[in-house]
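Reader: Please give me a close look at the strand pairing here. Start there, then work outward to whatever packs around it. Keep it brisk.

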Amino acid sequence: MLHLVQTPPGTRAETLPGERAGIEAARLAAIEQYGILDTAPEPAFDRITALAADIFSTPIAILGFIGAGHVFFKSHHGLDATQANRGDDPAAPVMMPWLRAEFTNGFHASVPLHDPDGYELGTLCVIDRRSRQVDEQQIRRLRVLGGIATDLLAMRLAARRALAQAEITSSEVDHRAMNSLQFVASLLQLQSRASGSSEVTQQLRAAANRVLSVARVHRTFSTQETAGRVPIAAHLRRLCEELSTSIGGEIRLEGADEFDVPKEQVLPIGLIVNELVTNARKHAGDPITITFHRLAGSECELCVLDEGPGLSGGFDVAATAGLGLGMKVVHALAAQLLGKFTAHPNPVGRGSCFKVVFPVA
Ligand SMILES: Nc1ncnc2c1ncn2[C@@H]1O[C@H](COP(=O)(O)OP(=O)(O)O)[C@@H](O)[C@H]1O
Ligand SMILES: [Mg+2]
């Protein structure tokens, strides 16, 4: 015998077939915003099914959420199955056909889980393979557990909304930081033009470019849903275009692997490229090539190559003493990336290759 706690009539049962499609679309939109369908098990939901099974002394308890064509088992205590086909009778519990097929002559008690607008999001049920009696107190407790599951969902939704809001705020802050830094860079550029000394002009321009590199990073953060990581090839591609405009010539990005790096690594990477490309322009000229590859393990390799005169015999990039500001900056940034900065002859036979190898988390 199948004992059933009747689902209270909800929106699904009260409507005409024509209206149902619209309501179902709204219901699906409602469940989607929780981001719960087809997700990994979570201990908080598993505790609810464990307690439900305990209250009824049943071997099985399921907490299911209703998708478009299936009921997804967020928690399936005492059962391997992870989903069930959804019934389409609006007057019957959504898992009814599956329960009838899987547990003929068994027992099943369920409570529906509704959101504050009355949409049926899911169901909490206890199942046995043999028939049995239940009392009012057990049913009351099952309803309370269903309420706890809905409360968890509400908290989850609030957290998701807070996160989305934080992302918007953070992107606004990045946008403002970018504007301010671009303004500072423009001031430095103006000042560089006003200076009578070519050395001062050059230094001020270099400073303006460093500030612009930082501004670019804020622009990337403000325009992308970063979720803590940034697709680095796209960032480098834009950086190359902008560097071509600001320091002239063509800067090629070759074979950059598409992968994400943690947000914190984007600023040092951008500043390193700025320094090395500026040097290549100043000490070597066209062509300038940047490569960025993933190595075996978790390391990556960033190279800036030119075909200029190459490094003079006595030049040692590892001996930080006696290096110019640019090289010191690259050393410091490579250390910040927990990486290693080295200089080599360009494999094409002329010019140099500056390389930073660092781990990507
Ligand atoms: N691409 C390059 N080709 C040849 N020599 C370079 C290159 N980059 C750097 N160097 C050498 O390294 C020195 C130190 O560079 P850096 O610290 O950036 O100082 P700066 O560029 O102000 O001279 C340069 O003066 C130059 O002699
Ligand atoms: Mg330099």
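Author: What follows starts with the strands, then moves to the helices, the charged pairs and a surface patch.

This is a predicted model, in which local features need pLDDT of at least 70 and side-chain atom pairs count only at pLDDT 80 or more, while totals for chains, interfaces and linings use all residues. Residues are numbered from 1 along each chain as its sequence is written, chains are lettered from A and ligands numbered from 1 in the order in which they are written, and side-chain values use heavy atoms, with hydrogens and water left out.

Some terms come up throughout. Helices (H or I, at least four residues) and strands (E, at least two) are DSSP runs, numbered from the N terminus. Two strands pair if DSSP finds at least two bridges between them. Strands of a sheet pair through backbone hydrogen bonds, either parallel or antiparallel.

Take the mixed sheet. It is open and has five strands, in the order E7-E9-E10-E12-E11. Strand E7 (251–254) and strand E11 (340–345) form the edges. Each has a single partner strand, so one side of each is left without a neighbour in the sheet. From one strand to the next, the twist averages 20 degrees. (Axes are lines fitted to C-alpha atoms, for helices over the stretch in contact; angles run from 0 to 180 degrees between N-to-C directions.)

Look at the E7 edge. E7 pairs with strand E9 (residues 288–294) in the parallel sense, over four bridges. Leu253 has Ile290 in E9 as its bridge partner. Helix H7 (residues 232–247) lies across E7 and E9. Its direction is at about 165 degrees to E7. Contact here means heavy atoms within 4.5 Å.

Now the E11 edge. E11 and E12 run antiparallel, joined by six bridges. Lys340 stands opposite Val357 in E12. The two strands form a hairpin with six residues between them. In that hairpin, Gly349 takes a positive phi near 110 degrees. Helix H9 (residues 325–336) lies across E11 and strand E12 (352–359), at about 130 degrees to E11.

Next, the antiparallel sheet. This open sheet of five strands has the order E3-E2-E1-E5-E4. Strand E3 (83–85) and strand E4 (107–114) stand at its edges. Each has a single partner strand, so one side of each lacks a neighbour in the sheet. The twist averages 25 degrees from one strand to the next. Strand E1 (residues 60–66) and strand E5 (residues 120–128) run antiparallel and are joined by six bridges. Gly64 stands opposite Thr123 in E5.

Two helices touch this sheet. Helix H3 (residues 43–56) lies across E1, strand E2 (70–77), E4 and E5, at about 75 degrees to E2. H5 also packs on the sheet, touching E1, E4 and E5. The direction of H5 makes about 40 degrees with that of E4.

Stay with helix H5 (residues 136–194), where Leu190 lies. Leu190 joins Phe183 and Leu187 in a nonpolar surface patch of about 320 Å². Patches are made of residues with over 30% relative accessible area and no salt bridge; like charges are joined within 9 Å, nonpolar side chains (Val, Leu, Ile, Met, Phe, Trp, Tyr) within 5 Å. Accessible areas come from the Shrake-Rupley method with a 1.4 Å probe; for residues, only the protein chains shown count as cover. Leu190 is exposed, at 52% relative accessible area. The classes are buried (under 20%), exposed (over 50%) and partly exposed (in between), with a 1.4 Å probe and protein chains only.

Finally, the charged pairs. The structure holds 14 salt bridges. Each is a side-chain nitrogen of Lys or Arg within 4 Å of a carboxyl oxygen of Asp or Glu.

One of them brings us back to H7. Arg216 and Glu242 meet in a salt bridge (2.6 Å, N to O). Arg216 is in helix H6 and Glu242 in helix H7, 26 residues apart. Arg216 is buried, at 4% relative accessible area. Glu242 is partly exposed, at 26%.

Helix H6 (residues 198–223) also carries Arg210. Arg210 forms a salt bridge with Glu275 (2.4 Å, N to O). Glu275 is in helix H8 (residues 263–283), 65 residues from Arg210. Arg210 is partly exposed, at 21% relative accessible area. Glu275 is buried, at 4%.
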